[in-house]
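This report describes one protein chain, working from a single strand outward to the chain as a whole. The sequence and the model are shown here.

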Amino acid sequence: MKDNAGAGRGTTRRHLLRGAAVGATALTATSLLSPVEAWAAPRGRGGSQYVEGVDVLPDTSHATRALAAHIRGYYQAKSDKNLDWQMSYFSRTRFTYIDAILGWHWYAWKDMRDALAGWYPTWPKDSRSYPTRLLGDTTSAILVFTDTPGMFGPGQVRNFGAVDFGPDGRIERWVDYWDARQFGVAGWRKEEEPPAQWPSDFRQSTVGETASPLMRRVATGLANALRSGDIPAAMRFFATDAVYEDVPAHLQITSRSSIQTFLTKAAALLPYVGAGTGVRHVLGNDTGGGYEWTAADGPVPRGITALELDPWGRIERLTAVWNGAYADASLLTGLAAKTVEQ
């Protein structure tokens, strides 16, 4: 999520997040509330807007009501640039925040707060962050959300956040996945951490595997079948009218039979299929979630796959997200060609 507007403002996201000081923000401190208390507090919100000023309601069809209510305040706090309210959603004692595309990482609550304090003043006055799809529950979830133009560059940023909550509802681990190709490969390389400074541990072990047994069975079963290249076995996890999406490749395919045809033809090109791929961490409940994955043998080292399950535990929607900046034009055009080959 690099800041292409940095040249005009005299700063970049890297500068903000690496050198921010608490005193850099003009925000007024407020008393800390628990996440649920903060969301429930009277704030004069009008209509049915989930985030004030944004006429978008998230798809919560594969999330619990508790998750939808609990996380609502987080996005309002971020949109309001209310530092104390936003940070009240995070655990002070067990903290991980990683940008899986740039390699930036914070392992302490205060370090993240200090970074955000320098970040907020650069955002446009009308900037907003809002979810478009919620998958899972208040144990673990995948949060699909949008940051409006000017927050992280000139365009929208579409994030898939892998989020683990502690017993008290506070966030203990958050890892963001997104496609950097939309910002330009050269710009992404400028903002990316040097190889020696990338996190070697994404710290999934600090929270453990808390996804529901059904989601773990589907996610690991699908990943195992894809790793072995057994496409017919993978298809047994899909509903008849499933939808398959690959975000960096700009692909959407409908029906199990069409998905099987595409995967059979495109297996050698997809970064999450074949030898060397594996599951890093599973998130979610019996209706929504997914898994973070790694790929040791290809050009794309990591990504996330969001899953929506039907009442029978079959995949009715799959959305794969990875950094398209790792891919050259031939890979992306090759994937597109596989959708129309006879």
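Strand β9, residues 251–254, has two unlike faces in this predicted model: Leu251 and Ile253 lie on the covered face, while Gln252 and Thr254 make up the uncovered one. The partner of β9 is β8, which runs antiparallel to β9 and is joined to it by four bridges. Within this pairing, Leu251 of β9 has Asp246 opposite. The two strands form a hairpin, with four residues between them. One residue of the turn, His250, has a positive phi of about 55°.

Strand β8 also takes part in covering helix α8. This helix spans residues 213–228, 16 residues in total, and its first and last C-alpha atoms are 22 Å apart, close to the 22 Å expected at 1.5 Å a residue. After the helix comes Gly229, another residue with a positive phi, in this case near 75°.

The buried residues of α8 are Met215, Val218, Ala219, Gly221, Leu222, Ala223, Ala225 and Leu226. The elements that cover them include those in the table.

| Element covering α8 | Residues |
|---|---|
| α9 | 231–235 |
| β8 | 238–246 |
| β10 | 277–284 |
| β11 | 288–295 |
| β12 | 302–309 |
| β13 | 315–322 |

In soluble globular proteins, nonpolar side chains tend to be buried together. The largest nonpolar core of this chain has 46 residues, and the members that touch the most others are Ile71, Phe90, Leu143 and Trp174. Two or more residues of this core come from each of α4 (65–80), α5 (83–87), α6 (109–119), β4 (129–136), β5 (140–147), β6 (157–165) and β7 (171–177). A second core, separate from this one, holds 41 residues, among them Met215, Phe237, Leu270 and Val273. Met215 is also one of the buried residues of α8.

Returning to the largest core, which residues does Trp174 touch, leaving aside those up to four places away in sequence? They are Tyr74, Tyr75, Phe90, Thr96, Tyr97, Ile98, Leu143, Phe145, Gly161, Ala162 and Val163. Phe90 and Leu143, in this list, are themselves among the core members with the most contacts to other members.

For the chain as a whole, the secondary structure consists of eleven helices and 13 strands. Of its 342 residues, 57% are buried. Where contacts join residues at least 6 apart in sequence, 66% of them link residues at least 24 apart. The accessible surface is about 13800 Å², and carbon and sulfur atoms account for 53% of that area.

Conventions: Residues are numbered from 1 along each chain as its sequence is written. This is a predicted model: local features need pLDDT of at least 70, side-chain atom pairs count only at pLDDT 80 or more; totals for chains, interfaces and linings use all residues. Side-chain values use heavy atoms; hydrogens and water are left out. Buried means under 20% relative accessible area, exposed over 50%, partly exposed in between (1.4 Å probe, protein chains only). Contact means heavy atoms within 4.5 Å. Accessible areas come from the Shrake-Rupley method with a 1.4 Å probe; for residues, only the protein chains shown count as cover. A nonpolar core is a set of buried Ala, Val, Leu, Ile, Met, Phe, Trp, Tyr and Cys residues joined through side-chain atoms within 4.5 Å. The expected span of a helix is 1.5 Å times one less than its number of residues. Two strands pair if DSSP finds at least two bridges between them.
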